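Here is a short briefing for a reader who is meeting this structure for the first time. Please look over the sequence and the model before reading on.

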Amino acid sequence: MEKTCTEVWKNCLQIIKDNIPSQSFKTWFEPISALKLDGKVLTIQVPSLFFYEWLEEHYVGLLRKTVKKQLGDDGRLEYNIVVDKSSNSGSPYTTNMPSNGNGAEAKLQSMPIPVSINKDIKNPFIIPGLKKLNVDPQLNSNYTFENYIEGDCNRLARSAGYAVAAKPGGTSFNPLMIYGGVGLGKTHLGQAIGNEIKRTMPDKLVIYVSCEKFCQQFVDSLKNNTINDFVNFYQAMDVIIMDDVHNFAGKEKTQDIFFHIFNHLHQSGKQVILTSDKAPKDLAGLEERLLSRFKWGLSADLQIPDLETRIAILRKKMYADGIELPLEVVEYVANNIDNNVRELEGAMVSLLAQSTLNKKDIDLSLAKQMLKNFIKNTTKEISMEYIQKLVCEYFEVPVDMVKSSTRKREIVQARQISMYLSKSHTKSSLKTIGAFFGGRDHSTVIYACQTVEDLIDTDKKFKGYVHDIQKKLKMS
């Protein structure tokens, strides 16, 4: 029985998943779908040209090996790339590309764009001589790529930002939409792109503006009857970095003016960078025609940084400030402030200030005492819920799966360690622990605890897992 394209690609994914980090797999491989299998040629669909370029640059070797493993030495891979999702026919416009890993050098085809411009026509919106003006880009010089720590939480957005900075307006992700929660580095990354462009291409006109500031400028231009000057200024920019575009909600006239500015810039090959606290599909109060343009390029999310990234952020700040702190203090701060980079850095500044003012050495005791305003969990009682959350974060497994009936090895391991630690660190009875972890009885808890103790005695790697988690609990 011949395999289908779906079966072949599913088998490929199982191999790929075991060879790359889970976050990278979610980012780069979960959005891919298998389209067809024609003999020994497997065609997969990727959502953008950026995906194609990234896969070919970073994973072509792995892809080639997995396809050949499934289809034999003659196995080849082709990409079906979504070029334009806004097709009037209702289905996206796509184009096919071969993989460079197929043995022949793939040549990039010219990609069609929704609108083309005749460069011989003089644009009436550009003011002669404005390009010669020295426009202040309104950028913070501290916001650079060098100061922006990379992790699984931001790798896609950071990589896309680098590409935009190297070739503003010349990539397939224009606009670049960066979205995520408060304090995760949207403004930093947006301005880092602007600073890099100004560093390498000083003649480029770059402007950073918050959405609120833009709205206020628009209102002022209406009052002063200078709306043409306002529009002409922004249309003359090479790069616009618009921060917090979710604040456009409900401002219909401002949305309308930005719609026209956006169109002019995009059609002129200029770069637009946007930041938002939500993905384009979740933005409310914005006109559909504006939202559709926000979706033209690449939307990259910033997630909550993992522990290793948080520690790296703190170490970077320590290095920049020329200070050294005990490792246990760094780990304490990173363990307890886990959802906001801004608060993480603010806590470090507060700790340094308190140490300087009180002329005390920074140790774990001082850190716990001085960071009460930042750390909510300083005096919390350890609960089964908290233990479960900590264990699941450590092993990168979903919390709800631990309470399920699944017998997957990694889930069972997380469940048993959670039960073991709940027995050791809480006053809960065996019956209560069993009930909490999916309605199990006390005998299951006893078995789990015995299993963990046996593995601690016989498996050095497993023992390290448990000790790491116990260390995090003690620092809570």
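Of the 476 residues of the chain, 46% count as buried, where buried means under 20% relative accessible area and exposed over 50%, with partly exposed in between (1.4 Å probe, protein chains only). This is a predicted model, in which local features need pLDDT of at least 70 and side-chain atom pairs count only at pLDDT 80 or more, while totals for chains, interfaces and linings use all residues. Residues are numbered from 1 along each chain as its sequence is written, and side-chain values use heavy atoms, with hydrogens and water left out.

**Nonpolar cores**

- The largest nonpolar core (buried Ala, Val, Leu, Ile, Met, Phe, Trp, Tyr and Cys residues joined through side-chain atoms within 4.5 Å) has 52 residues, of which W9, W28, F29, L55, L63, Y79 and I193 touch the most other members.
- Because domain 1 (5–81) and domain 2 (145–301) both give residues to this core, it lies between them; the domain bounds come from an automatic or database domain assignment.
- A second, separate core of 30 residues includes C211, F214, C215 and V231.

**Helix α4**

- Helix α4, covering residues 60–71 (helices are DSSP runs of H or I with at least four residues, numbered from the N terminus), has buried residues V60, L62, L63, T66, V67, Q70 and L71.
- These buried residues cover an arc of only 160° around the axis (taken from the directions from the helix axis to the C-beta atoms), which puts them on the same side of α4.
- Exposed K65 and K69 sit on the face of α4 turned away from its buried side.
- Just after α4, G72 takes a positive phi of about 95°.

Definitions and conventions. Helices (H or I, at least four residues) and strands (E, at least two) are DSSP runs, numbered from the N terminus.
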